[in-house]
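The report below is written for someone meeting this structure for the first time. It starts with a single residue and widens from there to helix packing and the whole chain.

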Amino acid sequence: MPAIEVTELSKTYIVPEREAGLSAALKSLIHRKTREVKAVDRITFSVEEGEVVVALPDAGAVAALRNLRAPVPAGAADWLLARFYTEDGGFFAAESAPVPDLLSTATTLHALAALDVRFTEEETERCLDFVDSLWNANGGFHGHWSDDYLDCEYTFYGLLALGHLSLNR
């Protein structure tokens, strides 16, 4: 008998979308357009007692493996770097994610630091710009660009990201 059994798990996120510009921003206050993004679509799996399962590559899994002093698969750092959103400096949670987010950026920076990966000065600046774009003068961070609320959890991730970026210089 499995210790964990999951049958046909699905998760869909509703994400806002709008065109760029002031008029689109004002219109979105009255009528917000959204679209669905499937994160998981009907997956089934089981884990037997004592079995260790790690879904790699993932920034959190890489950091966990390093902390457990377990081997990290070759190519994990390259895969994480391939997720780097070079245009705006953040990291995506998944390839299908609509925008980079602060949680994914902070955990990826943490994992890359554990793997002794260094950024170029230009990459560091783009990451700093991305993190700065989520800062609010009221003293906290938003999780992503379409997030309307400040959150203490995302403020932690913002500070984690800034810490790693400051050590990367």
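T155 is buried, because its relative accessible area of 16% falls under the 20% cut-off for that class. The residue sits in helix 6, and, once its neighbours within four places in sequence are left aside, T155 is in contact with G140 and F141. The model described here is predicted, and strand 4, made of residues 140-141, has the highest mean pLDDT among the elements of the protein, at 94.

**Helix 5 and helix 6**

Helix 6 covers residues 152-167 and helix 5 covers residues 121-133; their axes come within 10 Å and cross at roughly 160°. Helix 5 is therefore roughly antiparallel to helix 6, since the angle lies over the 145 degrees required for that description. The crossing of helix 5 past helix 6 is left-handed. On the side of helix 5 the contact is made by T124, C127, L128 and V131, and on the side of helix 6 by G158, A161, L162 and L165. Sorted by class, the residues of this contact comprise six nonpolar and two polar ones, with no charged residue.

One of the residues in that contact, C127, also touches G89, a residue whose other partners beyond four places in sequence are F84, R126 and F130. G89 belongs to the loop between helix 3 and helix 4. Is G89 buried or exposed? With a relative accessible area of 0%, G89 is buried. Between G89 and K11, which are 78 residues apart in sequence, the C-alpha distance is 27 Å.

**Helix 2 and helix 4**

A second pair of helices can be described in the same manner. Helix 2, residues 59-67, has A59, A61, V62, A63 and L65 as buried residues, and the buried residues of this helix pack against helix 3 (76-82) and helix 4. The axes of helix 2 and helix 4 come within 8 Å and cross at roughly 35°, in a crossing that is left-handed. A59, V62, A63 and R66 of helix 2 make this contact together with T107, T108, H110, A111 and A114 of helix 4. The residues involved divide into five nonpolar, three polar and one charged.

Helix 4 spans residues 102-114 and also holds L103. Which residues beyond four places in sequence does L103 touch? They are Y154 and Y157. L103 is nevertheless partly exposed, because its relative accessible area is 28%, a value between the limits of 20% and 50%. The C-alpha atoms of L103 and S146 are 14 Å apart, with their positions 43 residues apart along the chain.

The accessibility values given for individual residues are gathered here.

| Residue | Relative accessible area | Class |
|---|---|---|
| G89 | 0% | buried |
| T155 | 16% | buried |
| L103 | 28% | partly exposed |
| R69 | 77% | exposed |

**Two positive phi angles**

Most residues other than glycine have a negative phi. R69, although it is not a glycine, has a positive phi of about 55°. R69 follows helix 2 and lies in the loop between helix 2 and helix 3, where it counts as exposed because its relative accessibility is 77%. E8 is likewise not a glycine and has a positive phi, of about 50°; E8 lies in strand 1, which covers residues 4-17.

**The whole chain**

The secondary structure of the protein comes to six helices and four strands, and along the sequence these follow the pattern β-α-β-α-α-α-α-β-β-α. Taken along the principal axes, the C-alpha atoms fill a box of roughly 55 × 40 × 25 Å. The protein has 169 residues, of which 32% count as buried. Among contacts with a separation of 6 or more, 57% join residues that are 24 or more positions apart.

A word on confidence belongs at the end of this account. The protein averages a pLDDT of 83, and 91% of the residues score at least 70. Helix 1, residues 22-30, has the lowest mean pLDDT among the elements, at 72. Where pLDDT is low, the predicted coordinates should not be read in detail.

Key. Residues numbered from 1 in each chain as written. Predicted model: local features only at pLDDT ≥ 70, side-chain atom pairs only at ≥ 80, totals over all residues. Heavy atoms only, no water. pLDDT = per-residue confidence, 0-100. Helix = DSSP H or I, 4+ residues; strand = E, 2+ residues; numbered from the N terminus. Buried < 20%, exposed > 50% of the residue type's maximum accessible area, 1.4 Å probe, protein only. Contact = heavy atoms within 4.5 Å. Axes fitted to C-alpha atoms, helices over the stretch in contact; angles between N-to-C directions. Parallel < 35°, antiparallel > 145°, perpendicular 65-115°, else oblique. Left-handed = near helix turned anticlockwise from the far one by under 90°. Nonpolar A, V, L, I, M, F, W, Y, C, P; charged D, E, K, R; others polar.
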